[in-house]
Amino acid sequence: MITVENLSKRYGSTTAVHDVSFTVEPGSITGFLGPNGAGKSTTLRMLTGLTPPTSGTATIAGKRYTDLPNPGRVVGVMLDAAAQHPGRTGRETLQLNASLLGVPKSRVEEMLAAVGLTGAAKRRVGQYSLGMRQRLGIAGALLGDPAVLILDEPANGMDPEGIRWMRGLLQDFAARGGTVILSSHLLGEVQATVDRLVVIGGGRIVANGSLEELLAGSGTLVRGLDPSGLHQALTVAGLQPEPLASGSFRVDATAEQVGRAAAAHGQILLELRESDGAGLEELFFQLTTPAAAAA
């Protein structure tokens, strides 16, 4: 289990991550999403002990990553597939990792087969395609037979067959009780793979819940020229506007009811439509557009 509580990171006067909290339960795959610069990578680096937090805690199986006696036997990590030494072969890379983790050499051959690299095991990593390096990185993450996987952009450079293979591998891992958190900009693939979402924008968590709940949608989406005035108009009318990071509001009412409430207070609307259960891409932009940070 992964537990992140009130995690923050400041660099001088800049706050990269602000009071972030979420959990990732065993038996689940959680997508960790956010635009570039949102604090996603910084959070993952704090979770894996690469960046010390300014405040808050991040634990895996109840302990900080740096306090785990042999971290690779508990959590498999791949944050940058390109970080592998280009002069070593794929097999040598995994053999070195196996010696550090204290796992038998037979595990190396098992993992090479599992990720489809047995035929390329003698080739130097510098000759691998990006997709092959991703497979090797996943093999390294799985080498210690961990209960937790933390993967940053694992599908980058993979062809459709490779992406489908990775999806099946992660879903099988979770089905056996494993805990997975993955970051990706391939939103369609995230939607097909994960069962929970944590979305970060401007260093803050802007959504956290099951994929089904977050994509369900209901009521009406409305956006006005004056967000605070629109919020007040809807509240006075007895409606309960739910602010979205895009600057819009989701309201559990019909479009007519919302429109009449806005008109009664002279609010100029820029958008008014029924929410019909948007896809992940639309939800992502609703939650993380620059207007959201200013709202």
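**Exercise 1. Find which side chains meet Asp145 and Glu242 in salt bridges, and state how accessible each partner is.**

Solution. The side chains of Arg107 and Asp145 meet in a salt bridge at 4.0 Å, N to O, where a salt bridge is a side-chain nitrogen of Lys or Arg within 4 Å of a carboxyl oxygen of Asp or Glu. This pair links distant parts of the chain, since Arg107 lies in helix H3 (residues 106-114) and Asp145 in the loop between H4 and strand E6 (148-152), 38 residues apart. The structure is a predicted model, in which local features need pLDDT of at least 70 and side-chain atom pairs count only at pLDDT 80 or more, while totals for chains, interfaces and linings use all residues. Residues are numbered from 1 along each chain as its sequence is written, and side-chain values use heavy atoms, with hydrogens and water left out.

The next step is accessibility, for which buried means under 20% relative accessible area, exposed over 50%, and partly exposed in between (1.4 Å probe, protein chains only). Arg107 is buried, with a relative accessible area of 15%, whereas Asp145 is exposed at 55%.

For Glu242 the partner is Arg250, with the closest N and O atoms 4.0 Å apart. Arg250 is buried at 15% relative accessible area, and Glu242 is partly exposed at 40%. Salt bridges that share partners also join Arg107, Glu110 and Asp145 into one network, and the total count by this rule comes to 11 salt bridges.

**Exercise 2. Describe the sheet that contains E5 and E6, giving the strand order and the edges.**

Solution. Helices (H or I, at least four residues) and strands (E, at least two) are DSSP runs, numbered from the N terminus, and two strands pair if DSSP finds at least two bridges between them. On that basis, 6 strands form an open sheet in the order E5-E6-E7-E3-E8-E9, with mixed pairing. The edge strands are E5 and strand E9 (204-210), each of which pairs on one side only.

Moving to one pair within the sheet, E5 and E6 run in the parallel sense and are joined over 4 bridges. Within this pairing, Met78 has Leu151 in E6 as its bridge partner.

**Exercise 3. Characterise the largest pocket and the second largest cavity by volume and lining.**

Solution. On a 1 Å grid over the protein atoms alone, a cavity is a set of points where a 1.4 Å probe fits but cannot get out, whereas a pocket is an open set with protein on both sides within 12 Å along at least five of seven lines; lining residues have an atom within 4 Å of a point. Grid points are joined across faces, edges and corners, and a volume is the space filled by probe spheres set on the points.

The largest pocket has a volume of about 660 Å³. Of the 25 residues that line this pocket, the closest to its centre are Val77, Asn97, Gly137, Gly140 and Ala141. Strand E5 (75-78), helix H2 (90-101) and helix H4 (130-142) are the elements that give two or more residues to the lining, and H2 gives the most, with 6.

There are 2 cavities of 30 Å³ or more, and the second largest has a volume of about 50 Å³. Its lining includes Pro154, Met166 and Leu182, and helix H6 (residues 187-193) gives the most to this lining, with 3 residues.
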